[in-house]
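Grab a pencil and work through these exercises with the structure open beside you. Each task comes with a step-by-step solution, so try it yourself before reading on.

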Amino acid sequence: MLDIGFIGLGAMGSGIAGNLVNAGHQVRVWNRSAGPVDALARKGARRAADARGAFSGDVVFSMLADDDAVHSVIDPLLDGAPKGLVHVNMSTISIALARDLAARHKARGLAYVAAPVFGRPELAAAGKLNIVAAGDPSVIARIEPLFDVIGERTWRMGVQPERANVVKLGGNFMLGAAVEAMAEASAFGSRHGIDPADLLDVLTNGVFTAPAYKTYGALIAKRRYEPAGFRLALLLKDMRLALAAADAAGVPMPLADVVHESLLEGAAHGDGQRDLAVLALVAQRRAALEETAHSA
C-alpha cells in the first residue's frame, strides 16, 4: 500500500480521498476547514497537522478550487518537499499555471501529473470518474492503480501536463454549452405551452442521451438547483480560463462568449453557489416567465 497525502476535501476531493482510504491505503488528509477532515478520519484517514504534513510520502493528490487556491496552498510547499514525490494535481486550473507548475516541480526534483476529472460528487464517491492525465508516462504508469480506484477510465493525453488541462477546459465549455442549450430550449417550450419536463424527457432520452444531458436535463426538469453538484460560480471560473487560453492562442470561441454571459448573469442574480442547472432560471428570466425554484 502507498503512503498518500490528500489536500483539498471539497465535495469532489472528499469522495476521491474516501475511495483511496477504502482501498486500504494510508491517506493523510488536510483541508482548510476541519469538517471534511473529521469525516474522513472516522473512516480511517490520518489527519495532517498542516498542508506540508500532507505534501509528503509517495504520492500527494490536490483538489483545489482555482489558480489562487493553488498558489496559496501549493506554492509554499514546493521548497523542502521530499525528492521524488509525485504530485497529482486534479484541480481545474489555467493552462499557464499548469505549465508553470510542471517547470517548478521539475526544478525541485518532484514529479508532476495533471489529472483533472470529469464527474459530479456522486460519481467521485462511487469511483466512477473519468480522469484526464498528462505527464511523464512512467510516473503515470506507477500511479495508475490509484486512478483505477477512483475512476472508471483514465485518458492519457501525453507528456506535457497542460494538455490535460486543455481537455478539461474544453470539456467544461461543452458542458456549459449543453446546459445553456437545454435552458434556452426549456424557456422556448414553456412559451409555447410545453412543460420543460416533457420537452426534456423527449430530448434527453430520445436524441441527446449522453450522461451530461440526462443529469442536467433532469435537474432542469425538476427545477432542482440545490444542493449544488457543480456550482455555477466554478463553471464561470472555468469559462474565463477557457476564453483566456483561446485568446492567447488566437482561437475564436463565440459560443463560449454566449455561455459566459449567461453564467455571469446568473452570478449577478445571486445564483453563483447554486447548481449549474440554474442556467434554466436565467433563460426563464430572460423570457419573462415565472418559475419557482425547488431545492432538493
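**Exercise 1. A charge and a ring**

Which residue lies over the face of W155?

Solution. Before we start, keep in mind that this is a predicted model. Now go to the ring of W155 and look at what sits over its face: you'll find R153 there, at 3.5 Å from the ring centre.

**Exercise 2. Aromatic pairs**

Find the aromatic pair that F6 forms, and work out which parts of the chain it ties together.

Solution. Step one: searching the whole structure turns up two aromatic pairs. One of them joins F6 and F61, with 5.8 Å from centre to centre and 10° between the planes. Step two: planes under 30 degrees apart count as stacked, and the F6 and F61 pair is indeed stacked. Step three: place the partners. F6 belongs to strand β1 (residues 3-7) and F61 to strand β4 (residues 59-62), so this pair ties together parts 55 residues apart in sequence. Step four: check the surroundings, and you'll see that F6 and F61 are both buried.

**Exercise 3. Salt bridges, one by one**

Take D100, R120 and E144 in turn, and find the salt-bridge partner of each.

Solution. A bit of background first: side chains of opposite charge can pair when their charged atoms come close. The cut-off to use is 4 Å between the nitrogen and the oxygen, and the count comes to 15 salt bridges.

- Start with D100. Its side chain meets that of R104 in a salt bridge, at 2.8 Å from N to O. Both residues lie in helix α5 (residues 95-107), four residues apart, which is about one turn of the helix. Why does that spacing suit a pair? An α-helix has 3.6 residues a turn, so residues three or four places apart point the same way. As for exposure, D100 is partly exposed at 31% relative accessibility, while R104 is buried at 18%.
- Next comes R120. The partner is E122, and the N to O distance is 3.3 Å. R120 is buried, with a relative accessible area of 12%, whereas E122 is partly exposed at 46%.
- Last is E144. Its salt bridge is with R156, and the closest N and O atoms are 2.6 Å apart. E144 sits in helix α7 (residues 137-150) and R156 in strand β9 (residues 151-156), so the pair ties together parts that are 12 residues apart in sequence. R156 is partly exposed, with a relative accessible area of 41%.

For a bonus, look for a network: salt bridges link E226, D271, R274 and R285.

**Exercise 4. Backbone oddities**

Where do R223, P227 and A288 lie, and what is the backbone doing there?

Solution. Know what to expect: most residues other than glycine have a negative phi, and most peptide bonds are trans. Then check each spot.

- R223 is in the loop between α10 and α11. Its phi is near 55°, a positive value in a residue other than glycine. R223 is partly exposed, with a relative accessible area of 24%.
- P227 is in the loop between α10 (211-221) and α11 (232-249). The peptide bond leading from E226 to P227 is cis, with omega near -5°.
- A288 is in the segment after α13 (279-286). Here too phi is positive, near 55°, and the residue is exposed, with a relative accessible area of 59%.

**Exercise 5. Helix α1**

Is helix α1 largely enclosed by the rest of the structure or largely open?

Solution. First, get its length: α1 (residues 11-22) has 12 residues and reaches 17 Å from its first C-alpha to its last, close to the expected 16 Å. Second, look at burial. Nine of the 12 residues are buried, so α1 is largely enclosed by the rest of the structure. Among the buried ones are M12, G13, I16 and L20. Third, step past the end of the helix: G24 follows, with a positive phi near 95°.

**Exercise 6. The largest pocket**

How much space lies in the largest pocket, and which helix supplies the largest share of its lining?

Solution. Begin with the volume, about 1,200 Å³. Of the 44 lining residues, those closest to the centre are M12, V117, G119, K168 and F230. Now sort the lining by element: α1, β7 (117-118), α6 (121-126), α8 (162-191), α10 and α11 each supply at least two residues. The largest share, six residues, comes from α8.

Terms used:
Residues are numbered from 1 along each chain as its sequence is written. This is a predicted model: local features need pLDDT of at least 70, side-chain atom pairs count only at pLDDT 80 or more; totals for chains, interfaces and linings use all residues. Side-chain values use heavy atoms; hydrogens and water are left out. Buried means under 20% relative accessible area, exposed over 50%, partly exposed in between (1.4 Å probe, protein chains only). Rings of Phe, Tyr and Trp (its six-membered ring) pair if their centres lie within 6.5 Å; planes under 30 degrees apart count as stacked, over 60 as edge-to-face and the rest as tilted. A charge sits over a ring if NZ of Lys or CZ of Arg is within 6 Å of the ring centre and within 35 degrees of the ring normal. The expected span of a helix is 1.5 Å times one less than its number of residues. On a 1 Å grid over the protein atoms alone, a cavity is a set of points where a 1.4 Å probe fits but cannot get out, and a pocket is an open set with protein on both sides within 12 Å along at least five of seven lines; lining residues have an atom within 4 Å of a point. Grid points are joined across faces, edges and corners, and a volume is the space filled by probe spheres set on the points.
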